[in-house]
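Please examine the sequence and the model displayed below. The paragraphs that follow lead through selected features of the fold.

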Amino acid sequence: MIAVILGAAAIAYAFLLPKRQADKSSSDKEKMVQEVEATLEQYMADIERENVELVELISQMKQETTSKQLAQQEQLAEMRQRLVHLEQQALQYEARITDLEQGSRQAESLLMAQVREMAAAKPGDSVEEERLHTELQVSAEEPKEPSICERYPELFEFHAQGKSVDGIAKLVGMQKGEVQLILQLAKQEGSL
């Protein structure tokens, strides 16, 4: 009877033993699943945090780009205004030069007419006529300024080399409008 009781206890123990190991292995599996889930949750949280940082960085870059574009547009508008102003100044200078040239031509023709009248009035007074003619030549020579090519030799040297107006302006240290005006005046003067 003791043997039967011991056998029954051994059998009961045997049934309980695999159940314990099965419980252990299932609890190990549950722990592993929980660890994997925790790791995945941490990974997802990291990815979400990085996505938020990336979105913030992109929005910051977009704001910087927008502000730079606005600054460039303002600068462009200012440059356009300056260009219009310089072009207007160039036209005014050109008109003044044209007026001065016409005035000097008219004054010269008036002087010549006066000399002719005086010569016609006193045909025998060649000394006086000679003196007036000499004064006219001196007065005609005195107001003459050097030609535009003589005043800006370096500019015209670069122009002769075939450099662009922008290139000449940079090399000579002038504004593009000034270089264009000087070249136009030289054309009108007949120096080019």
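Axes are lines fitted to C-alpha atoms, for helices over the stretch in contact, and the angle between two of them runs from 0 to 180 degrees between their N-to-C directions. The model shown here is predicted. In it, the axes of helix α4, residues 153-160, and helix α5, residues 165-172, approach within 10 Å and cross at roughly 145 degrees. The crossing of α4 past α5 is right-handed. On the α4 side, Leu155, Phe158 and His159 make the contact, and on the α5 side Ile168, Leu171 and Val172 do so. Sorted by class, this contact of α4 with α5 comprises five nonpolar residues, one polar residue and no charged residues.

Attention now turns to helix α1, which spans residues 2-121 and includes Ile58. On the surface, Ile58 joins Leu54, Leu57 and Met61 in a nonpolar patch, and together these residues have about 380 Å² of accessible area.

Helix α1 also contains a charged pair, Asp46 and Arg49, which lie three residues apart, about one turn of the helix. Side chains of opposite charge can pair when their charged atoms come close. The closest N and O atoms of Asp46 and Arg49 are 3.6 Å apart; a salt bridge requires such atoms within 4 Å, so the pair qualifies. The structure holds three salt bridges.

Conventions
Residues are numbered from 1 along each chain as its sequence is written. This is a predicted model: local features need pLDDT of at least 70, side-chain atom pairs count only at pLDDT 80 or more; totals for chains, interfaces and linings use all residues. Side-chain values use heavy atoms; hydrogens and water are left out. Patches are made of residues with over 30% relative accessible area and no salt bridge: like charges are joined within 9 Å, nonpolar side chains (Val, Leu, Ile, Met, Phe, Trp, Tyr) within 5 Å. Accessible areas come from the Shrake-Rupley method with a 1.4 Å probe; for residues, only the protein chains shown count as cover. A salt bridge is a side-chain nitrogen of Lys or Arg within 4 Å of a carboxyl oxygen of Asp or Glu. Helices (H or I, at least four residues) and strands (E, at least two) are DSSP runs, numbered from the N terminus. A crossing is left-handed if the near helix is turned anticlockwise from the far one by less than a right angle, and right-handed if clockwise. Contact means heavy atoms within 4.5 Å. Ala, Val, Leu, Ile, Met, Phe, Trp, Tyr, Cys and Pro count as nonpolar, Asp, Glu, Lys and Arg as charged, and the others, Gly among them, as polar.
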